[in-house]
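Work through the exercises below with the sequence and the model side by side. Try each task before reading its solution.

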Amino acid sequence: KKSLVLTNGCFDLLHAGHIFLLETTSALADELWVAVNSDSSARSLKGNNRPIQGERARAYALLCLEFVDVVLLFHGERLDQEIRALQPDVYAKGGDYSIDTIDPGERDALQSAHTRIQFIPFLDGYGTTDLIRRIKELPDD
């Protein structure tokens, strides 16, 4: 049986911070599965102007990374049902989360599955919101 690490997110504009998170996460188990918020899920979490890229484009970009084994779309705001079904060995979240800020339903599902939770520090200077801001500030040619 191969070990499984699961992470999730919108991954709207793939950048070095995402790649660092995913590559670091991939070292935690034999296979890395990435759950990606569907377009409707991303909109409900991030607002009507997001995602910038559609779910298929985001999933494709992630699948092109050699250390990502599986990408799945999920439509809810939370991942508790998927966690219960997949029973991952490890669940990885970015450094902006802590055990106290993980959604209670997801935390319960992780505890039921006996999943180890790992927090991956951010790569300083990289974030989608900042990237969008910098793009908006570019001068018109």
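## Exercise 1: The sheet

Task: Find how strand β1 is joined to β2, then place both in their sheet.

Solution. Start with the pair. Strand β1 covers residues 4-9 and runs parallel to β2. Six bridges join the two. One position to check is N8, which stands opposite A35 in β2. Keep in mind that the model is predicted.

Now widen the view. The sheet is open and has five strands. Their order is β3-β2-β1-β4-β5, and the pairing is parallel. Next, look at the edges. These are β3 (70-74) and β5 (116-120), each of which pairs on one side only. Last, take the twist. Ignoring direction, neighbouring strands are turned by 25° against each other on average.

## Exercise 2: The nonpolar cores

Task: Which residues of the largest nonpolar core touch the most other members, and which elements give two or more residues to this core?

Solution. First, the size: the largest nonpolar core holds 17 residues. Those touching the most other members are F11, L22, V34, L62, V68 and V71. Next, the sources. Two or more residues come from each of α1 (16-26), β2 (31-37), α3 (55-63) and β4 (90-94). The most come from β2, which gives three residues.

Now zoom in on L22. Set aside its neighbours within four places in sequence. L22 is then in contact with T7, F11, L32, V34, L62, L65 and F67. Finally, move to the second core. This one is separate and has nine residues, including L72, F74, I83 and L110.

## Exercise 3: A residue in strand β2

Task: Decide whether N37 is buried or exposed, then list its polar contacts.

Solution. Locate N37 first: this residue is found in strand β2. Its relative accessibility is 3%. Buried means under 20%, so N37 counts as buried.

Next, follow the side chain of N37. At 3.4 Å it reaches the backbone nitrogen of C10. The N37 side chain also makes a polar contact with the side chain of S41, at 2.8 Å. Then list the wider surroundings, again without neighbours within four places in sequence. N37 is in contact with G9, C10, A42, L45, R58, L73, F74 and G76.

## Exercise 4: The salt bridges

Task: How many salt bridges are there, and which parts of the chain does the pair D12 and R50 link?

Solution. The count comes to seven salt bridges. Take D12 and R50 as one of them. Their closest N and O atoms are 2.7 Å apart. D12 sits in the loop between β1 and α1, while R50 sits in the loop between α2 (39-46) and α3. The pair therefore links distant parts of the chain, 38 residues apart. Both D12 and R50 are buried.

Next, turn to R58, which forms a salt bridge with D39. Here the closest N and O atoms are 2.8 Å apart. R58 lies in helix α3 and D39 in helix α2, so the pair ties together parts that are 19 residues apart in sequence. R58 is buried, with a relative accessible area of 1%.

End with R133 and E137, whose closest N and O atoms are 3.0 Å apart in their salt bridge. R133 counts as partly exposed at 39% relative accessibility. E137 counts as exposed at 54%. Salt bridges that share partners join D130, R133, R134 and E137 into one network.

Methods:
Residues are numbered from 1 along each chain as its sequence is written. This is a predicted model: local features need pLDDT of at least 70, side-chain atom pairs count only at pLDDT 80 or more; totals for chains, interfaces and linings use all residues. Side-chain values use heavy atoms; hydrogens and water are left out. A nonpolar core is a set of buried Ala, Val, Leu, Ile, Met, Phe, Trp, Tyr and Cys residues joined through side-chain atoms within 4.5 Å. Buried means under 20% relative accessible area, exposed over 50%, partly exposed in between (1.4 Å probe, protein chains only). Helices (H or I, at least four residues) and strands (E, at least two) are DSSP runs, numbered from the N terminus. Contact means heavy atoms within 4.5 Å. Two strands pair if DSSP finds at least two bridges between them. Axes are lines fitted to C-alpha atoms, for helices over the stretch in contact, and angles run from 0 to 180 degrees between N-to-C directions. A polar contact is a pair of N or O atoms within 3.5 Å; within protein, one must be able to donate a hydrogen and the other to accept it, and residues adjacent in sequence count only if both atoms are side-chain atoms. A salt bridge is a side-chain nitrogen of Lys or Arg within 4 Å of a carboxyl oxygen of Asp or Glu.
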